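Please walk through the chain shown here, with attention to its strand pairings, its turns and a few individual residues.

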Amino acid sequence: MIKRVMAHIGVFFLYLVSILPLPVLFFFARLLYYLLYYVIGYRKKVVRQNLVNSFPEKSSDEIIIVEKKYFLFLAELIFEIVKMTTISEKETLKRVKFSGLEQLEKHFNAGESVLACTGHYGNWELGTLALGLNISAKTMVIYKPLTNKIFEAWFNGFRTKYGNIFIAMRQTLRGLAAYKNEPTLFCFATDQAPTRQETKYFVNFLNQPTAALLGLEKIAKSTNRPIYYFKVTVVKKGYYHVEVLPMCLNPSLMDEYEITNLHFKFLEDIIKEQPQYWLWSHKRWKFKPE
């Protein structure tokens, strides 16, 4: 009971914070950065080890530069996500611009559904919110539910306020069946870590064997829906560009694991361009092949 009350108080506080304009929130983000990096040292060892393993060619000084940039971006990202509670449609469209969406519209106009994938890079939450405002088909987002249902409801409240539909990962097949008769865009964050029990395949990603989810590949090969990669670029603080790139237009012709290897290669190339915008504090490499 006490945890529920505290969670409700926390959500109300986040709503109040979200009313503030983003420039003010970015000031608080700078303070949060100093707190996370210099005082608390939040997952600093995890971030450092992930960076060292991923970029063996970088010197210690170069690693620390990326590390600090990452923690500053993480602090800004936290406040950007909080702001999504009250962000307007106009502000959303101003901060996220797309190129290449006409490729998707050709499929939708032909009555075809499409699969899309991306990683936890830049502000993927804001990008997904903006996506639903920019295309004609329904946007279906596959996600992992939170254990705290009060915060889950808060998250999904702003995630879906402009028409996006969020489907729990374990309900993906049911969602596909429910919307099989209309053009849709199913979106996957393909860099999420599977559990040990779910792991069937390791891909070489950032110089390390990396456990990979195979859901996107399985669905693509069974439905033969074309796959597009959403390449996110951070233009400047709080502003993003998303380029829609054709990744695999005929999945049924691909070899086993080829699609999985391909979307990890897309993400790896993006990370190498600007590494500070990926989610390095996630314990992505918890286990290795046996």
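Strand S6 (residues 202-205) and strand S7 (residues 208-211) run antiparallel and are joined by 4 bridges. The coordinates come from a predicted model, so that everything said here describes a prediction. Two of the pairings can be followed residue by residue: Val-203 has Thr-210 in S7 as its bridge partner, and Asn-204 has Pro-209 in S7.

The side chains of S6 alternate along the strand. Val-203 and Phe-205 point to one face and are buried, while Phe-202 and Asn-204 point to the other face and are not buried. This follows a general pattern: in a regular strand, side chains alternate between the two faces of the sheet. The two bridged residues named above therefore fall on opposite faces of S6, with Val-203 on the buried one and Asn-204 on the other.

The connection between these strands is short in sequence: S6 and S7 form a hairpin with 2 residues between them. In that turn, Leu-206 has a positive phi of about 55°. Asn-207, in the loop between S6 and S7, also has a positive phi, near 65°, and is not a glycine. How accessible is Asn-207? Its relative accessibility is 48%, so Asn-207 counts as partly exposed, a class that ends at 50%.

A second hairpin is made by S8 and S9, again with 2 residues between the strands. Strand S8 (residues 227-236) is antiparallel to S9, and 9 bridges join them. Within this pairing, Tyr-229 has Leu-245 in S9 as its bridge partner. The turn contains Gly-238, whose phi is positive at about 85°.

S9 also pairs with another strand. Which strand runs parallel to S9? Strand S1 (residues 96-99) does, and 4 bridges join S1 to S9 (residues 239-248). S9 thus has an antiparallel pairing with S8 and a parallel pairing with S1. On the S1 side, Val-96 stands opposite Tyr-240 in S9.

Tyr-240 also serves as a reference point for a residue in a helix. Lys-94 belongs to helix H5 (residues 89-95). Lys-94 and Tyr-240 are 146 residues apart in sequence, while their C-alpha atoms are 9.3 Å apart in space. The side of the chain on which Lys-94 sits is not fully covered there: Lys-94 has a relative accessible area of 41% and is partly exposed.

The helical part of the chain offers another backbone detail. Arg-43 lies in the loop between helix H2 (22-40) and helix H3 (44-54). Its phi is near 50°, a positive value in a residue other than glycine. Arg-43 is partly exposed, with a relative accessible area of 34%.

Val-46 is located in helix H3. Leaving aside residues up to four places away in sequence, Val-46 touches Trp-280, Ser-281, His-282 and Lys-283. For a sense of distance in another direction, the C-alpha atoms of Val-46 and Thr-160 are separated by 32 Å, with their positions 114 residues apart along the chain.

Gln-276 is found in the segment after helix H11 (258-273). Is Gln-276 buried or exposed? Its relative accessibility is 12%, and since buried means under 20%, Gln-276 counts as buried. With residues up to four places away left out, Gln-276 touches Val-66, Lys-69, Tyr-70 and Phe-73.

These details belong to a chain with 11 helices and 9 strands. Its radius of gyration is 19 Å, close to the 19 Å that the globule rule gives for 290 residues, so the chain is as compact as a globular protein of that length. Along its principal axes, the C-alpha trace spans about 50 × 45 × 40 Å.

Contacts between residues at least 6 apart in sequence can be sorted by separation: 79% of them join residues at least 24 apart. Of the 290 residues, 51% count as buried. The chain exposes about 14500 Å², of which carbon and sulfur atoms supply 58%. As for charge, there are 38 positive and 25 negative side chains, and the centres of the two sets lie 8 Å apart.

Conventions: Residues numbered from 1 in each chain as written. Predicted model: local features only at pLDDT ≥ 70, side-chain atom pairs only at ≥ 80, totals over all residues. Heavy atoms only, no water. Rg over C-alpha atoms; globule rule 2.2 N^0.38 Å. Buried < 20%, exposed > 50% of the residue type's maximum accessible area, 1.4 Å probe, protein only. Contact = heavy atoms within 4.5 Å. Areas by Shrake-Rupley, 256 points an atom, 1.4 Å probe, with all protein chains shown as cover. Lys, Arg positive; Asp, Glu negative; His and termini not counted. Charge placed at Lys NZ, Arg CZ, Asp CG, Glu CD. Pairing = 2+ DSSP bridges.
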